[in-house]
Amino acid sequence: MDPVTPAAPSRTLRIALIGNPNTGKSTLFNNLTGLRQKTGNYPGVTVSRKAGIMKLPAGDAELIDLPGTYSLSAHSPDERVVIDVLNGRFKEIGKPDIILFVADAGNLRRNLFLASQVATLKIPMILILNQWDSVAKSGQQIDLNLLKGRMGIPVIPTIGTKDQGTADVKQAILDLLDEPKYLPEIQWPDSMNTAMEHLKVSLPCVGDELLSESETHRLLFDTHSAEVQRLKVSAEEAKREVVKAREFLRKDGMNPLVAEAMLHYRHIDGLIGGVVLKDPDLAPGTTESIDKLLLHRGWGLAAFVGMMYVVFQAVYSWAGPVMDLIEGGKVWVQDMIGPALAGTPMLQSLVLDGVIEGVGAFLIFLPQILILFAFISLLEDSGYMARAAFIMDKLFSWCGLNGKSFVPLLSSYACAIPGIMATRTIEDPKSRLATVFVAPFMSCSARLPVYILCIGAFIEPVYGPWWAGFTLFMMHFVGLAVAVPTAWFVTRFILKTKSQPFVMELPKYRAPRMRDVGYRMWQAGLEFVQKAGTIIFFITIIIWASLYFPRSDSQEPVIRSEFIAEKVADGIGTEDAIVTLLEDPDSELNQEYHLLLGSTQINQSFMGRIGKAVQPIFEPAGFDWRISVSVLASYPAREVIISTLGIIYSLGGDVDEEDGSLRAALKNSKWQEGERAETPIYTVPVVIGLMVFFALCSQCGATTSIIIKEAGLRWAIASFVYMTALAWLGAVISYQVGTRFF
Amino acid sequence: MVFLRVRVDKDPFLRVILNRTLSSLLSLKLGQKARVTEIRAESHIDQRILSLGIGANVIIQLSKVAPLGDPIAIEVDGALIMLRKSEAQGIQVEPI
Ligand SMILES: Nc1nc2c(ncn2[C@@H]2O[C@H](COP(=O)(O)OP(=O)(O)OP(=O)(O)O)[C@@H](O)[C@H]2O)c(=O)[nH]1
Ligand SMILES: [Mg+2]
């Protein structure tokens, strides 16, 4: 990230992309650098700064993509990043040399407010009018030449999604290097100049620098300015001086709290007067017509629930054929490799029962992941995501959260990690913490395999596809149902929030770009497959080994002779007849023997012993030792349970001959001893309990570490303990209540 | 201090007077347009409303109410902005 190119004389040119949320900064960043930053049609996709290299004829430049903001008076952590970058407060990146100001051309006046604020920083600027295509669509006309003349800086129309104007932007940067240009300065009234002078003189910064113009504005206009920390004087003294300075404005008849916006907008109105022409008789646009239905007071809610339902139905039912294909592929590979390794039984077992079974059982769920991400990406890119926040806000505000919690929570349905990062757009620190705390309850895609396996094996065959889809929908609902009261409790008794302000822009609907949707799916798929090749692969080997060892071959003859003796006693045949049958690999007796052998050995393995030791904890939930041990093994990552179960059943020889799937093995699995002997382990209440356990439990090392990063260690520990306890309780209740009914 | 404060929204007589001169954005009907007369700036949220371009003399339209009754969405300069009723209360308008 720190290239020293010969063409750049002293240091790399630093260029920052600034603008309102959702104007297309990240899209332009991608066009200019060739990278693939995440974009999406809602305000607040980018929440931290990202740097990339932009190639220019004069050498490489460092381009910085930033979160969007409406003004320089920062409220949320992501907006603060913008201000810190602009003021050069990060050690690694100094002040930018050039600002690419990205405006939404369809909403020029509003966008230029920030530009006018940024101009006080006295950094050369280029004005980019992105979304140029939407100007005509919204019935407007912009007189570009007039605007260029008024602005005095390069003004460049672009269409980010079509990569149009990218070369012009680069050319403008080169021109600006030769001759820096600035936005026309705002003419402050005298009272304002007096007030600023007062602050500059009376409030020196640490290190005796004078306050910059923009810092003075922040102190003067903001209610809780973070600039106070940079001052040499105490917060109280600063406050006294600020009050004095505001008096100058008041005497001039201005309300200091609204003066800034008023003065900037007056300046902007002067600059763009006559530039934008609006067609007054424009027919209602597409966005408006769609909103008539989707934000309708009655239909809006129904449409929302319906849409969510369709998503989960699709995830459940569309993937079937592809899953079968992967399953078939797994069996085919096992059949191909098996004979080649017949000479070395241990290696054969490691490869077939361990690696292929474990990794294969996991990979089967790839189609579901792809479908889920396709939907999430469609929701984001179409512009519906922000509407969902609008519809849900009331429910969220009731429990102390805020509509802006919706997007992080919905993304947590894909994965809690980006979800928790997305909470940075929430201004109020308390509702942000509460959102971080409940985000892991949203049913992430890692839980999907567990649900699909359980539902496919035990719900669908008995109750049919309708109930299967419904169960999947409900499993995704359980977490939410727990999250709401949790958030209520946390904000009510632990963080004690006041109701939070909530202001957000609803973007225009847009046809999602298939390229972006495809890319999201590709990335999610790639990550999933990479996981299979790394963490799942290693854990698989560990689990296989702890299930395979200790193994003493000296025991086999004992088991064998006991087996033969038992069969003779049962009157099945003479000892010789039984021995001959045992030699025949296709005989039923042979299969029964291998099942016994497998389960005896697994019972004695390390994992078997651990499982038996912890099983009493899960007894009230009806889990046997195999489920218990799989639950434990999946603490680092939820998906591991699938591989673990796969290996346990494969090593135990339980995998069905015709239908080599884990699904069938689970169905055939029976209690071996005790009063429940010979009855199935997996009854509907056990399966529901298992799914509820996974829905609520904190089984993800990565999520725990992102909580530590975003909220601190205490929150992470609290989250882990709370979720684990809740999961156990949920499983026990499901089982205990369920067995009364089934 | 406490005794002198009159809850204007509760007092029927004062409310009549108030409604004639000033009325809050919330008194608009769905789809109705109005000119902003004043923003009662009290906290940083009002600053945010201002930075979104909702200031004196700007024409706004109450264009959506969420299915559950809150928040609302107003149209300003072709952009749709949602805010909670509690925040919208401070925006004084004059219907046109
Ligand atoms: N019609 C149209 N859409 C565009 C254009 N440029 C970008 N978009 C779309 O606008 C949306 C927002 O783009 P982003 O690049 O994510 O915007 P951003 O400014 O980085 O947004 P934040 O990170 O949320 O501040 C995406 O859906 C883009 O596909 C354009 O020129 N025309
Ligand atoms: Mg972005």
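This section describes the two chains of a predicted model and the interface between them.

Chain A is a good place to start. Its fold comprises 32 helices and nine strands, and its C-alpha atoms fill a box of roughly 115 × 55 × 55 Å along the principal axes. Of the 742 residues in chain A, 55% count as buried. Among contacts in chain A that link residues at least 6 apart in sequence, 74% bring together residues at least 24 apart.

Chain B has 96 residues, of which 49% count as buried. Its secondary structure amounts to three helices and six strands, and a reader tracing the chain along its sequence will meet them in the pattern α-β-β-α-β-β-β-α-β. For contacts in chain B with a separation of 6 or more, residues 24 or more positions apart account for 53%.

Turning to the interface, 48 residues of chain A are in contact with 33 residues of chain B. The size of an interface is often expressed as the accessible area lost when the parts come together. Here the two chains, A and B, bury about 3600 Å² between them, and 58% of this area lies on carbon and sulfur atoms. Three residues are worth picking out on the structure: A:Arg297, A:Phe390 and A:Val503 supply 20% of the area that chain A buries against chain B, more than any other three residues.

Polar and charged groups also take part. Two salt bridges are counted between chain A and chain B. One of the residues involved is B:Arg84, which forms a salt bridge with A:Asp393, with the closest N and O atoms 2.8 Å apart. The count of residue pairs in polar contact between the chains, both residues being at pLDDT 80 or more, is seven. On the side of chain A that touches chain B, the elements giving two or more residues are the helices α3 (108-119), α10 (256-272), α11 (286-294), α12 (299-317) and α16 (384-398), together with the strand β9 (503-506). Of these, α16(A) gives the most, with nine residues. By residue class, this side of chain A divides into 20 nonpolar, twelve polar and 16 charged residues.

The strand β9(A) also pairs across the interface. Four bridges join β9(A) to β5 of chain B (residues 79-83), and the two strands run antiparallel. Within this pairing, A:Val503 stands opposite B:Leu83 in β5(B). A:Val503 thus appears twice in this account, as a partner of B:Leu83 and as one of the three residues that supply 20% of the area chain A buries against chain B.

Technical notes:
Residues are numbered from 1 along each chain as its sequence is written. Chains are lettered from A and ligands numbered from 1 in the order in which they are written. This is a predicted model: local features need pLDDT of at least 70, side-chain atom pairs count only at pLDDT 80 or more; totals for chains, interfaces and linings use all residues. Side-chain values use heavy atoms; hydrogens and water are left out. Contact means heavy atoms within 4.5 Å. Buried area is the accessible area (1.4 Å probe) that two parts lose on being put together, summed over both. A salt bridge is a side-chain nitrogen of Lys or Arg within 4 Å of a carboxyl oxygen of Asp or Glu. A polar contact is a pair of N or O atoms within 3.5 Å; within protein, one must be able to donate a hydrogen and the other to accept it, and residues adjacent in sequence count only if both atoms are side-chain atoms. Ala, Val, Leu, Ile, Met, Phe, Trp, Tyr, Cys and Pro count as nonpolar, Asp, Glu, Lys and Arg as charged, and the others, Gly among them, as polar. Two strands pair if DSSP finds at least two bridges between them. Buried means under 20% relative accessible area, exposed over 50%, partly exposed in between (1.4 Å probe, protein chains only).
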